[in-house]
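Visitor: I should like a close look at a single part of this protein, the open sheet. Please describe how its strands are arranged, and then follow the contacts and enclosed spaces found elsewhere in the chain.

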Amino acid sequence: MRLSAAALAALSTAGVGVAATHGASAATVGCQVTYTVNNQWPGGFGADVSVHNLGDPINGWKLTWSFPAGQAVTQLWNGSYTQSGAQVTVTNADYNGGIPSGGSAAFGFNGSWTGSNPAPSGFALNGVACTGGTSSPTPTVSPTTTPTPSPSRQPCDIYAAGGTPCVAAHSTTRALYAAYNGPLYQVRRASDNATRDVGVLSAGGGADAAAQDSFCAGTTCLITIIYDQSGRNNRLTQAPPGGFPGPAPGGYDNLATATKAPTTVYGHKAYGVYVDPGVGYRNNTTNGVAKGDQPEGMYAIFDGTHYNGGCCFDYGNAETNSRDNGNGTMEAIYFGNIKVWGYGAGNGPWIMADLENGLFSGVNQKYNANDPTISHRYLTAVIKGEPNHWAIRGGNAQSGSLSTFYNGVRPNVPGYNPMKKEGAIILGIGGDNSHGAAGTFYEGVMTSGYPSDATENAVQANIVAAGYR
C-alpha cells in the first residue's frame, strides 16, 4: 500500500531547523524534510527521507526524531542509525556528510510497526529543533566565506568500491572522482576561435564556471570536448557523419552552445550540455568499454523537462562506425517520448534502453506498463546489462532513492541475446548518427561490470547531496 496523495503532500512540507557548522560565524540555518512511506505491509514498511538545506552549507549531520506509535528501524542505507525507545538518530555516511546551500541529503530505511504507522513530526538536525524556516543568529565575529567541502567519495569512487569501476566519466558540472583535479570540458569562442579548458574549483569539487564566463564574455562559446575523468581518454568530441549526416560542415553534428543550460551544483554556478536537434558528441575509438555480451552499467543526469519525440537522445554504448549494424549492437540510455519502437505508461517521457533497431521499456517490443512517465527537473537515469539480463532504474536527482522499472531477461525479440555491443560512446544522438532529438546532459558514467543496486543507490545519494538546482 502507498500513502494517499494528501498524506504525502502533508509530509513533504514538514520543516526542520539545521545547525550549520561554521563556528562563530553568522550562519543562516533552515531546512525541509520529506518523509515518505513508499511501501507498507502487515508489520513492516519502507520509507525514504530527504533533507533539503535552506541555509548555509553544513559538513556532517545527524537527523533525529521520535516515532509516535512504537515503530522501529530494522535496516537503513546511505547512513547509520541508533534507536533508543522511540528516539532515532541517523548519522551521515562518509560520502554524503556535506550538504551545500540548496542541496539535499537522502537515506532510506525499512521499519516495523504494530497497530498503526503514523509519520513522525518532531525532526531536528544537528540538535536544532524544527522551525520550518531560516534564521541568522547574531554573530560574535565577522562572517567569513568558506568553500563548500568536497565529498570524500564521488560516483566513480563508489562504483570502484562496488567492484564495477568507471571506464568513462563525463561531466561539465563537477568531478566524478574525489581526487579529480583536471579539466571537465573545453570551450571555443566565436570571436577568435581560441579554446579554454574549464576545470574544477578544487579536487573533487564543482566546475569553475566563472572561468568560462570570463573567457566567453562578449561572444558565443561552444563546448568542443567533454573530457573523460576515468584516465582512459574516452573523451567526447563533435560527432562525425554516419548513417545520417549532421548539419555542420563535412556532415558533422553541431556543437552545443556552452551557456544554454545553467545550473547550480554545491551551491556554485555550472553549465550542462544543452542538446538541440542536430547537436551530437561521439567517440568511436574507446578504451575499456564493454563489447559483445560483456556486462556494463551506466547512469546519466538529464533535465527531465527538456525532451522531444525525435530520435534519439542517448548516452551510452554504440556502433564504432556510426551506422546501424543490427539488433543488439548498442546499449545506451534513451530519454524522450517517441513511441515508434517502444514506450511505457502514460504519455512520456520515459527512460528506455536503445539497443539498436528498438527502444525498449521492458521485455516486450512495444508497450511495458511498468516503465512510468518520469519528468523530474533533474532526473537520474540508469541502464545496465549482462548476459540475458538487464535493468532500467530511475529517480529524482534532487531527492529520494532510485526505483527499478524493469529487471529481467533481454527483450523477447531475436537479435538481443546475446548482445553484440561495439563499444563506442554517444551523447545526444542515435547509433547511426540520427540527430533529431533534444535534451540536456549534466553528468554520466559507464562502468566495467554489472553494478549492484546497492552501489547505484549509494551513487544516487551522492547525486542528491550534490544539490543540483
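Guide: In this predicted model, an open sheet is built from seven strands in the order β17-β21-β30-β23-β24-β25-β26, and their pairing is antiparallel. At the edges stand β17 (237-238) and β26 (359-360), each of which pairs on one side only. Within the sheet, strand β21 (residues 281-283) is joined to strand β30 (residues 424-427) by three bridges in the antiparallel sense. One residue pair can be located there: arginine 282 has isoleucine 426 in β30 as its bridge partner. Strands of a sheet pair through backbone hydrogen bonds, in either a parallel or an antiparallel sense.

The edge strand β26 leads to a side-chain contact. Arginine 377, in the loop between β26 and β27 (379-386), is paired with aspartate 303, in the loop between β22 (296-302) and β23 (314-318), and the two residues are 74 residues apart. The contact is a salt bridge whose closest N and O atoms are 3.3 Å apart. The two partners differ in exposure: arginine 377 is partly exposed, with a relative accessible area of 32%, whereas aspartate 303 has 9% relative accessibility and therefore counts as buried, the limit being under 20%.

A second salt bridge joins aspartate 453 to arginine 393, with the closest N and O atoms 3.7 Å apart. Because aspartate 453 lies in helix α4 (residues 453-466) and arginine 393 in strand β28 (residues 389-396), this pair ties together parts that are 60 residues apart in sequence. Here the acidic residue, aspartate 453, is partly exposed at a relative accessible area of 33%, and arginine 393 is buried at 4%.

Strand β28 also takes part in strand pairing. It runs antiparallel to strand β29 (residues 403-408), and five bridges join the two. Isoleucine 392 has tyrosine 406 in β29 as its bridge partner. Together β28 and β29 form a hairpin with six residues between them, and glycine 400 in the turn has a positive phi of about 75°.

Glycine 400 returns in the account of the enclosed spaces. Two cavities of 30 Å³ or more are counted, and the largest holds about 80 Å³ of space. Gly400 is one of its lining residues, along with Ser401, Leu402, Asp48, Val49, Trp77, Asn78, Ala106, Phe107, Gly108, Asn457 and Gln460. At least two residues of this lining come from each of β3 (44-53), β10 (104-112) and α4, and β10 gives the most, with three residues. By class, the lining of the largest cavity comprises five nonpolar, six polar and one charged residues.

The second largest cavity holds about 30 Å³ of space. Its lining consists of Tyr159, Tyr299, Thr380, Val382, Leu402, Glu456, Val459, Gln460 and Ile463. Both β27 and α4 give two or more residues to this lining, with α4 giving the most, at four residues. The lining of the second largest cavity divides into six nonpolar, two polar and one charged residues. Leu402 and Gln460 therefore appear in the linings of both cavities, as defined by an atom within 4 Å of a cavity point.

The charged contacts described above belong to a wider set. Side chains of opposite charge can pair when their charged atoms come close. Twelve salt bridges are found in a search of the whole structure. Among them is the pair of aspartate 192 and arginine 189, whose closest N and O atoms are 2.8 Å apart; aspartate 192 is partly exposed, with a relative accessible area of 44%. Elsewhere, Glu296, Glu331, Arg410 and Lys421 are linked in a network of salt bridges.

A further arginine completes the description. Arginine 174 is found in the loop between β13 (166-171) and β14 (185-189). This residue is buried, with a relative accessible area of 0%. The side chain of arginine 174 is joined to that of glutamine 154 by a polar contact of 3.3 Å.

How values were computed: Residues are numbered from 1 along each chain as its sequence is written. This is a predicted model: local features need pLDDT of at least 70, side-chain atom pairs count only at pLDDT 80 or more; totals for chains, interfaces and linings use all residues. Side-chain values use heavy atoms; hydrogens and water are left out. Two strands pair if DSSP finds at least two bridges between them. A salt bridge is a side-chain nitrogen of Lys or Arg within 4 Å of a carboxyl oxygen of Asp or Glu. Buried means under 20% relative accessible area, exposed over 50%, partly exposed in between (1.4 Å probe, protein chains only). A polar contact is a pair of N or O atoms within 3.5 Å; within protein, one must be able to donate a hydrogen and the other to accept it, and residues adjacent in sequence count only if both atoms are side-chain atoms. On a 1 Å grid over the protein atoms alone, a cavity is a set of points where a 1.4 Å probe fits but cannot get out, and a pocket is an open set with protein on both sides within 12 Å along at least five of seven lines; lining residues have an atom within 4 Å of a point. Grid points are joined across faces, edges and corners, and a volume is the space filled by probe spheres set on the points. Ala, Val, Leu, Ile, Met, Phe, Trp, Tyr, Cys and Pro count as nonpolar, Asp, Glu, Lys and Arg as charged, and the others, Gly among them, as polar.
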